[in-house]
Amino acid sequence: MIRQYELVDRVRAYDPDVDEDVLNRAYVFALKAHGAQTRANGDPYFSHPLEVAGILTNLKLDTASIVTALLHDVIEDTDVKLADIEKAFGKEIGRLVNGVTKLTRIELQSDQTKQAENFRKFVLAMSEDIRVLLVKLADRLHNMRTLNFIPKPEKRSRIASETLEIYAPLADRIGMQAMKDELEDLAFAQLNTEARASIVKRLEYLRGGGQDLIQKIIAELQAKLTESGVEAKVKGREKAPYSIWRKMQHKNVAFEQLSDIIAFRVVVPTADKCYEALGVLHALYPSVPGRFKDYISTPKPNGYRSIHTGVIGPQRQRIEVQIRTDAMDEVAEYGVAAHWHYKRQGSDAALDGADKAIIPAPTMGGAKSESAQYRWLRELLDILEHASGPEEFLEHTKLEMFQDQVFCFTPKGELIQLPRGATPVDFAYAVHSQIGDTCVGAKINGRIVQLRSTLQNGDQVDIITSKGQTPSADWEDFVVTGKAKARVRRYVRIQRRGQYMTLGRTVIEKEFRHEGYAFTEKALDGVLKTLQAPTIDDLYAMVGEGLVTGREVIHTVFPGTKPTAKNPQSPVVKPKPRKEGSGVPLRGLIPGMAVHYARCCHPLPGDRIVGIVTTGKGVTVHTIDCVNLEAFSDTPERWIDVAWETDTTMPEHHIGRLHMIASNETGTIGTLGTVIGKNQGNITNLKFVARSTDFFEILVDVEVTDVRHLTNIIAALRATPAINSVERSRG
Ligand code: MN
């Protein structure tokens, strides 16, 4: 454990004006507050904030940051209140400690979908004061270094994933390369132990077998630069295992070239010398096309500045060389923390041409007011903020690991992770099943889109719902998530079955009535086995779906009845038992002659009709425009004139057949039944002719009184949005 005086010494090493008193008070305050608390490894809890403070002294941060590190867990983990801290250490420290505490609380409740929100809150905290973030990163780094003391593997993995997805990218974003590398490596070791181990092993082999090579390259570069009068320090820097792994994943390359593993770094005193060194290297060695990048004239958004070039260098090795000044080197390693250090010293010159950089020069002056002191940081963060939003941020970090995923946001900024190709319906189901079920439309980035649209990374998706709305069957064709698919299928199945059941029961009841029997479910019990229906509901559903006809059911229940439905060409028009007389409302017939209504055109009272004499069957009545009449054009002797009785007082029921094309949606069948029922029609049969993803084609037999009745029903159906077309079936 770092002792009290050691901590003070460490700070004094880079800040001679250190406020020793406040450091000492904070040390004692935290030590007392955490008291006998211990960490997972049995150490006193206080060792943790102390180590975090230690990490920040390595970054040469100011006293307020070190004090914040010491106090960062007291509000969350002890009885100490914010007011106590403010009283003892002032408003500034209070604000910083409170900021870190807030971040810790967000972390505690975080789960996968909360991460982007976390991120945004982070950014908010950052813009408020970068030191909150720096303390938080140091806190995370120490927690990662001691991760193996956490007993539960799931918890370790969760913390490691969060580190990889949120903290390491944040460190990168503020240019802290060393912090990023260490966080990533620690997370990598937890999440993919074997991959990391194999890379480390390979690195060791290369280092062992190739140590001479690397040293030879360094020595030759050093010598050549010195010969050319460029004062430089040359070093080799190994890429971190995680970066290598990601590169291997990303580019699908094997681990072979030196240029992918070691970067040679040439560090010179000034920016001018960078270009001079570059000139020397390019004069001595062939350069590799496409590898040259000048981040000095155009720094990266995170403030990184350096010249990169690739050459076929010493030993004929293809190598990557980074040329930079000491200051740039430090900035590259420590990011904003290094800026902080240079700025604190007020030595702008150390930044080596900072006026050219994107970081605005600070207003130091005599007025060392807090706002002036941190303005440059805020401005830097502003630039980072506008350079890339959280979406792009995620694009560059998470997405490299999840190429097959898209990340979208709810209007509240929650992150929803979906497979590529996902649609707003998948999104809706991912948010909540209820939202999926009642989804009627969607806006992407404020614009109304089709539900089958494909979501892109960073889309903000606003789902429009409507109470009482139900999933649509054709969603099944475009949803990609298992949850959405299962939900839609199940819903459609249940809905359709319900509709079939209602319809089937209606058909069977009608058949009972038709035969003069009272309908009872009991009567059906006995025939379930014969009809291969497990339950009565199944039987209803089968009839509703048209797998079994109502006639078949009635014939099975009452074997005496005629199975007329099995003779679809010419059903006998059965007079209703209660009726006297022929009951056939036709004129022009020979009394006693059997009459059938043609099943092709289903003539109705009101239609112009004609009779065709068929040997052994009597007369078949067709509508005058029936296409089948053409077949009888050569036999005019078989045609007889018939007409409807106009003065019939008894309403006779006739079957009209409708041919419909309807949207293949849940609820369409129900709507159909409702519309027909409202118009006093009675569906007696229903047959699916064709079913595609978008629509189904059905034939519906409806009991009506006459053609006007059917025309009314047709008109009502045509007014129904789910029904695309309705025609009388003409055979
Ligand atoms: Mn902590």
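This passage describes the overall make-up, metal site, nonpolar cores, one sheet and the cysteines of a predicted model.

The model is predicted, and local features were accepted only at pLDDT of at least 70 and side-chain atom pairs only at pLDDT 80 or more, whereas totals for chains, interfaces and linings use all residues. Residues are numbered from 1 along each chain as its sequence is written, and side-chain values rest on heavy atoms, with hydrogens and water left out.

The protein chain contains 26 helices and 20 strands; both are DSSP runs numbered from the N terminus, helices being H or I runs of at least four residues and strands E runs of at least two. Of the 731 residues in the protein chain, 50% are buried, where buried denotes under 20% relative accessible area, exposed over 50%, and partly exposed the range in between (1.4 Å probe, protein chains only). Contacts are defined by heavy atoms within 4.5 Å. Among contacts in the protein chain between residues at least 6 apart in sequence, 66% connect residues at least 24 apart.

The manganese ion is bound by four protein donors, namely His-48 (NE2), His-72 (NE2), Asp-73 (OD) and Asp-139 (OD), at 2.2 to 2.3 Å. Donors are N, O and S atoms within 2.8 Å of the metal (3.2 Å for Na, K and Ca); water is not among the atoms, so sites may look incomplete. The sequence spacing of the donor residues is H-x23-H-D-x65-D. Because His-48 belongs to helix H3 (residues 47-58) and Asp-139 to helix H8 (residues 130-145), this pair ties together parts that are 91 residues apart in sequence. His-48 is buried, with a relative accessibility of 1%, and Asp-139 is likewise buried, at 4%.

Nonpolar cores were defined as sets of buried Ala, Val, Leu, Ile, Met, Phe, Trp, Tyr and Cys residues joined through side-chain atoms within 4.5 Å. The largest comprises 93 residues, and those with the most contacts inside it are Leu-71, Ile-85, Leu-137, Leu-183, Val-266 and Ile-323. Helix H8 makes the greatest contribution to this core, with 9 residues. The core lies between domain 1 (4-192) and domain 2 (195-354), because both give residues to it; the domain bounds come from an automatic or database domain assignment. Beyond its neighbours within four places in sequence, Leu-137 contacts Tyr-167, Ala-171, Ile-174, Met-176, Met-179 and Leu-183. A second, separate core of 46 residues includes Leu-503, Val-527, Ile-683 and Ile-713.

Four strands form an open sheet in the order S12-S14-S13-S15, with mixed pairing; strands are taken to pair if DSSP finds at least two bridges between them. The edges are strand S12 (595-597) and strand S15 (639-640), each pairing on one side only. S12 runs parallel to strand S14 (residues 618-623), to which 3 bridges join it, and His-596 has Thr-620 of S14 as its bridge partner. Strand S13 (residues 609-614) is antiparallel to S14 and joined to it by 6 bridges, with Val-613 opposite Val-619. S13 and S15 are also antiparallel, joined by 2 bridges, and here Gly-611 stands opposite Ile-640.

A search of the whole structure for disulfides (pairs of cysteine sulfur atoms within 2.5 Å) returned 0. Cys-600 is in no disulfide, the nearest cysteine sulfur being that of Cys-626 at 3.5 Å. Cys-600 is buried, with a relative accessible area of 14%; Cys-439 is also buried, at 2%.
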